[in-house]
Amino acid sequence: MKNNAFIKIKGIQTADGDNDVVELMTTGFFARRRGGYVISYEESEATGFEGARTTLTCEEGKVTMTRTGGNVRTQLIIEEGKRHQCSYDLGFGSMIIGVCCDHIQSTLDEGGGSLSFGYSLDLNTALTSEHQVTVSVTPN
C-alpha cells in the first residue's frame, strides 16, 4: 500500500472523568472505494499501538475502524442509530464490547477533507469510555 496522503489524527478518550488526548501526524493511504473512502496508516508508539495498521472505512452514516498487526486485532463498527457488538483483542485475549455512535461528520472527497466521529464503548452494557476522533487528510 503506497503512502499517498498526509494524515492528522486527534483522539480524545474520556474514562472515569479523565481525558486522554493523542495526536498523530503521519503519511498513509487515502482512496475512494465502493461509495466511500478508505484511510489507512501505521500506528506509532505515541498512540500505544506501535506496529499496528489502522484502517478507517467511511461510508454514509458508518465508520469501520480496523487495527491489525503487532498484538492488536480489533474491529469497531461505528454506525449512526445502531449499537454494534465488536471484537477487541489487545494480545492477551479477545473480548466483546458494545459500540454506540454519538456522531459522524465527513467532508471527504477526492481532494481529501476531514472525518469526525464520536462513540462510546461498553462492557456488559456498562459504559467504559467515550471517544472523539478527528481525522484530516491531504493527498500528496
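**Exercise 1. Classifying Met-95**

Task: Determine whether Met-95 is buried, partly exposed or exposed in this predicted model, and place Met-95 within the secondary structure.

Solution. Step 1: Met-95 has a relative accessibility of 31%. Step 2: the term buried requires a value under 20%, and exposed a value over 50%. Step 3: Met-95 therefore counts as partly exposed. Step 4: the residue belongs to strand S8, which covers residues 94-106. Step 5: a spatial reference is given by Gln-85, which lies 10 residues from Met-95 along the chain, with 9.8 Å between the two C-alpha atoms.

**Exercise 2. The strand order**

Task: Establish how many strands close into the barrel and in which order they are arranged.

Solution. Step 1: the barrel is closed by 10 strands, and their pairing is antiparallel. Step 2: the order is S1-S2-S3-S4-S5-S6-S7-S8-S9-S10. Step 3: on average, and with direction ignored, neighbouring strands of the sheet are turned by 25° against each other. Step 4: as background, strands of a sheet pair through backbone hydrogen bonds, in either a parallel or an antiparallel manner.

**Exercise 3. Pairings of S1**

Task: Identify what joins S1 to S10 and what joins S1 to S2, and give examples of residue partners.

Solution. Step 1: S1 (residues 5-15) and S10 (residues 126-139) run antiparallel and are joined by 10 bridges. Step 2: within this pairing, Phe-6 stands opposite Thr-138 of S10. Step 3: S1 is also antiparallel to S2, with 11 bridges between them. Step 4: Gly-11 has a bridge partner in S2, namely Val-22, and another in S10, namely Val-133. Step 5: the hairpin of S1 and S2 has 2 residues between the strands, and Asp-16 there adopts a positive phi near 55°.

**Exercise 4. The S9-S10 hairpin**

Task: Describe the pairing of S9 with S10, and state which residue in the turn has a positive phi of about 50°.

Solution. Step 1: S9 (residues 113-123) pairs with S10 in the antiparallel sense over 11 bridges. Step 2: Leu-121 has Ser-129 of S10 as its bridge partner, while Gly-118 stands opposite Gln-132 in S10. Step 3: the two strands form a hairpin with 2 residues between them, and Asn-124 in the turn has a positive phi of about 50°. Step 4: Thr-125, found in the loop between S9 and S10, has a positive phi of about 65° although it is not a glycine. Step 5: for context, most residues other than glycine have a negative phi. Step 6: exposure over 50% is the criterion for an exposed residue; Asn-124 counts as exposed because its relative accessibility is 77%, and Thr-125 counts as exposed because its value is 66%.

**Exercise 5. Aromatic pairs**

Task: State how many aromatic pairs the structure holds, and characterise their geometry and burial.

Solution. Step 1: there are 2 aromatic pairs. Step 2: Phe-30 and Tyr-37 form a pair with 5.6 Å centre to centre and 5° between the planes, and this pair is stacked. Step 3: Phe-117 and Tyr-119 form a pair with 6.1 Å centre to centre and 20° between the planes, and this pair is likewise stacked. Step 4: the assignments follow the cut-off of planes under 30 degrees apart. Step 5: Phe-30 and Tyr-37 are both buried; for Tyr-37, located in strand S3 (residues 36-42), the relative accessibility is 8%. Step 6: Phe-117 counts as buried because its relative accessibility is 0%, and Tyr-119 counts as buried because its value is 7%.

**Exercise 6. The largest pocket**

Task: Determine the volume of the largest pocket, and describe which strands and residue classes contribute to its lining.

Solution. Step 1: the volume is about 490 Å³. Step 2: the lining consists of 24 residues, and Gln-13, Phe-49, Arg-67, Tyr-119 and His-131 lie nearest the centre of the pocket. Step 3: S1, S2 (18-33), S5 (62-69), S9 and S10 each supply at least two lining residues. Step 4: by class, the lining divides into 15 nonpolar, 5 polar and 4 charged residues. Step 5: Tyr-119 links this exercise to the preceding one, as a residue nearest the pocket centre and a member of the stacked pair with Phe-117. Step 6: Arg-67 is 30 residues from Tyr-37 in sequence, and their C-alpha atoms are 17 Å apart in space.

Note on methods
Residues are numbered from 1 along each chain as its sequence is written. This is a predicted model: local features need pLDDT of at least 70, side-chain atom pairs count only at pLDDT 80 or more; totals for chains, interfaces and linings use all residues. Side-chain values use heavy atoms; hydrogens and water are left out. Two strands pair if DSSP finds at least two bridges between them. Helices (H or I, at least four residues) and strands (E, at least two) are DSSP runs, numbered from the N terminus. Rings of Phe, Tyr and Trp (its six-membered ring) pair if their centres lie within 6.5 Å; planes under 30 degrees apart count as stacked, over 60 as edge-to-face and the rest as tilted. Buried means under 20% relative accessible area, exposed over 50%, partly exposed in between (1.4 Å probe, protein chains only). Axes are lines fitted to C-alpha atoms, for helices over the stretch in contact, and angles run from 0 to 180 degrees between N-to-C directions. On a 1 Å grid over the protein atoms alone, a cavity is a set of points where a 1.4 Å probe fits but cannot get out, and a pocket is an open set with protein on both sides within 12 Å along at least five of seven lines; lining residues have an atom within 4 Å of a point. Grid points are joined across faces, edges and corners, and a volume is the space filled by probe spheres set on the points. Ala, Val, Leu, Ile, Met, Phe, Trp, Tyr, Cys and Pro count as nonpolar, Asp, Glu, Lys and Arg as charged, and the others, Gly among them, as polar.
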